[in-house]
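I am opening a notebook on a structure that is new to me, and I will write down each thing I look up in turn.

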Amino acid sequence: MLEDVKKKVDELFGFKTESYDTNMLLIFGEKEKIRDLLKFLKDFGFSYPHTISVVDYTPEGRGFEINYILEDIYIKKFVIVRIELSENNLAVPSVSDIFPALQPHEREAWEMFGVEFVGNPRLEVMLLPEWAEGTFPLRKSYQFKKHRKGTK
């Protein structure tokens, strides 16, 4: 099954893939094709989106990494779609219309890291207090002491 996905992804998109264990495939995608790739994977059976995770590699000079984790729940196989964003351009097309369950995950990634999911209709503060909007507390550059309340 995952070999079929790997072959099709290579044919249709030309993306590099890497097998993880026997039930997971990692796809190295591009943000320009993320919507087409996720539509393809959903049609292929990976219709259960688990999450979107963001990794901040800016101290290493690599920018940010976005991981979309999808599962085919009938055969218990996973794909992780990984794209990289430069620190200077943190915009990526939203996939919340393809996978509505990922809409709050996009909001959280925007709120915590500043990744703009273009087309997400609800990029608004969800977890942080309003004064903290735009501070991006999960970035490695976040200054904890600057935003910390004083102690008595």
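**Entry 1: a first arginine.** I began with R122, which at 39% relative accessibility counts as partly exposed. I then looked for its partner and found that the side chains of R122 and E124 meet in a salt bridge, with 3.4 Å from N to O. E124, at 37% relative accessibility, also counts as partly exposed. I note here that I am working with a predicted model, and every value in these entries is to be read with that in mind.

**Entry 2: the other salt bridges.** How many salt bridges does a search of the whole structure find? The search returns seven. In one of them the side chains of D97 and R35 meet at 2.7 Å, N to O. I looked up where the two residues sit: D97 lies in the loop between β6 (91-93) and α3 (103-113), while R35 belongs to helix α2 (residues 34-44), so the pair ties together parts that are 62 residues apart in sequence. D97 counts as exposed at 53% relative accessibility, whereas R35 counts as partly exposed at 24%.

I also found a salt bridge between the side chains of R62 and E60, at 3.7 Å from N to O. E60 is exposed, with a relative accessible area of 55%, and R62 counts as partly exposed at 37% relative accessibility.

**Entry 3: the chain as a whole.** I stepped back to get my bearings and counted four helices and seven strands in the chain. Read along the sequence, their order is α-β-β-α-β-β-β-β-α-β-α. The C-alpha atoms fill a box of roughly 60 × 30 × 25 Å, taken along the principal axes. Of the 152 residues, 43% count as buried. Among the contacts with a separation of 6 or more, 49% are accounted for by residues 24 or more positions apart.

**Entry 4: the nonpolar core.** Which residues touch the most other members of the largest nonpolar core? Of the 36 residues in this core, they are L37, L38, L41 and Y68. I listed the elements that give two or more residues to this core, and they are α1 (2-12), β2 (24-28), α2, β3, β4, β5 (77-85) and α3. The largest share, five residues, comes from α2. I then followed L37 on its own and, leaving aside residues up to four places away in sequence, found that L37 touches V9, F13, F15, I27 and V81.

**Entry 5: helix α3.** Is this helix mostly buried or exposed? Eight of the 11 residues of α3 are buried, so the helix is largely enclosed by the rest of the structure. The buried residues are Q103, E106, R107, A109, W110, E111, M112 and F113, and I note that charged side chains such as those of E106, R107 and E111 are on this list. What do the buried residues of α3 pack against? They pack against three strands, β3 (48-56), β4 (64-72) and β7 (116-118). Just after α3, I noted that G114 takes a positive phi of about 85°.

**Entry 6: F117, on strand β7.** Having met β7 as a packing partner of α3, I picked out F117, which lies in that strand. F117 is buried, with a relative accessible area of 1%, which is under the 20% cut-off. Not counting residues up to four places away in sequence, F117 touches I52, Y68, V92, P93, S94, E106, A109, W110 and L123. E106, A109 and W110 in this set are also among the buried residues of α3. I also looked up a pair of C-alpha atoms, those of F117 and T51, which are 66 residues apart along the chain and separated by 14 Å.

**Entry 7: empty space inside.** My last search was for cavities, and the structure holds one of 30 Å³ or more. About 30 Å³ of space lies in the largest cavity. Which residues line it? The lining is made up of W110, E111, V125, L128, A132, E133, G134 and F136. By class, this lining has five nonpolar, one polar and two charged residues. W110 and E111 already appeared in my notes as buried residues of α3.

Note on methods: Residues numbered from 1 in each chain as written. Predicted model: local features only at pLDDT ≥ 70, side-chain atom pairs only at ≥ 80, totals over all residues. Heavy atoms only, no water. Salt bridge = Lys/Arg side-chain N within 4 Å of Asp/Glu carboxyl O. Buried < 20%, exposed > 50% of the residue type's maximum accessible area, 1.4 Å probe, protein only. 1 Å grid on protein atoms, 1.4 Å probe; cavity = no way out; pocket = protein on both sides within 12 Å on 5 of 7 lines; lining within 4 Å. Points joined across faces, edges and corners; volume = space filled by probe spheres on them. Contact = heavy atoms within 4.5 Å. Core = buried A, V, L, I, M, F, W, Y, C linked by side-chain atoms within 4.5 Å.
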